[in-house]
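Work through the short exercises below. Each one sets a task and then solves it step by step.

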Amino acid sequence: MLKIALPNKGRLSEEVRELFNDAGLEVKVRGERALTASLGGEFEAIFVRAQDIPEFVADGAADAGVTGWDLVCESGRELVQLMDLEFGRCRLVVAAREESGIEKLEDVKDGVRVASSFTRLTAEFFTKRGQQVTVVPVSGATEIAPHLGIADIIVDLTSTGSTLKMNGLREVGTVVQSSARLIARKDHAPEASAKLEELTQALSSVLAARGKRYLMANVPRRVLPGVREVLPGLNGPTVVDVQGGDFVAVHAVVPAKSIYRTIAALKNLGCEGILVTRIERLMP
Ligand code: AMP
């Protein structure tokens, strides 16, 4: 049985569960506050705080885990990233009060106090740049620290930047780009490798399918060259003869983002019976 540590609450938890469910690893929780759940088959989930997941995996309490890359970096533990799950995107940034006169990282003078809950990354970041700052550890609401006078600048997570702006702060530099990642120990047992590979493939196939749609259309044979240009597909569209007619059936995998444009282009070419469906998994 392979143990996977997943976030029990917070920003990442919902999307992680949805991804595992879509990959066929349905999270079957026993009771609302259960700490473990069966993922079916050979996997078991253990639910812990997102920030504890790097430790759990590094210490061997779990074979793999899903958490934010920011938290993996902050833990300082030697872990490998098996895949980028592409959600929970955010940046760990340096921000200063609008009226502070600090507009870029070079403006941060030695002796400046930096409030952050990412104390390790903050210290490492400024040391590497050769800037001597004092890190003020906080555990939340970092953005109010400059207003309370307990720090001059902050290092905090942001995705849209709106919370920073609302608090009169300006971004002056990026420490880490983050998103949710599947992580494992560097030296996991060989028998775990094959199962982790299976897990990675199952999750990848779901992510790959999310941005695509399966499209079918009846195409007048004479406009097929035009349709081929509209539908490059994965390996070009599949064209099926419709017996005894002037039409062929065309099937293709297309980007979900441009589906409206694709449909309009096909209609213009005289295609009929256009059908678009979601794809559960895609293994190119
Ligand atoms: P939690 O504090 O449990 O809600 O989880 C926080 C994790 O969600 C962070 O460590 C990040 O990896 C991720 N995250 C994604 N977007 C944001 C954001 N805008 N602000 C803070 N954390 C974010």
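**Exercise 1.** Decide whether Phe126 is buried or exposed in this predicted model.

*Solution.* Start with the relative accessibility of Phe126, which is 1%. Buried means under 20%. Phe126 therefore counts as buried. Now take Phe125. Its relative accessible area is 15%. Phe125 is buried too, by the cut-off of under 20%.

**Exercise 2.** Find how many aromatic pairs there are, and classify what you find.

*Solution.* The count comes to one aromatic pair. The rings belong to Phe125 and Phe126, with centres 5.2 Å apart. That is within the 6.5 Å limit for a pair. Next, check the planes. They stand at 80 degrees. Angles over 60 degrees count as edge-to-face, so the Phe125 and Phe126 pair is edge-to-face.

**Exercise 3.** Identify the ring that has Arg17 over its face.

*Solution.* The ring is that of Phe47. Arg17 lies 4.5 Å from the ring centre. The distance limit here is within 6 Å.

**Exercise 4.** Explain why the structure holds zero disulfides, using Cys73 and Cys90.

*Solution.* Recall what is being sought. A disulfide is a covalent bond between the sulfur atoms of two cysteines. Begin at Cys73. The closest cysteine sulfur to its own is in Cys90, 11 Å away. The cut-off is within 2.5 Å, so this gap is too far for a bond. Repeat from Cys90. Its closest cysteine sulfur is in Cys73, at 11 Å, again too far. The result is zero disulfides.

**Exercise 5.** Sort Cys73 and Cys90 by exposure.

*Solution.* Cys73 has a relative accessible area of 23%, so Cys73 is partly exposed. Cys90 has 16% relative accessibility and counts as buried.

Notes. Residues numbered from 1 in each chain as written. Predicted model: local features only at pLDDT ≥ 70, side-chain atom pairs only at ≥ 80, totals over all residues. Heavy atoms only, no water. Phe/Tyr/Trp six-rings, centres within 6.5 Å; stacked < 30°, edge-to-face > 60°. Buried < 20%, exposed > 50% of the residue type's maximum accessible area, 1.4 Å probe, protein only. Lys NZ or Arg CZ within 6 Å of the ring centre and 35° of its normal.
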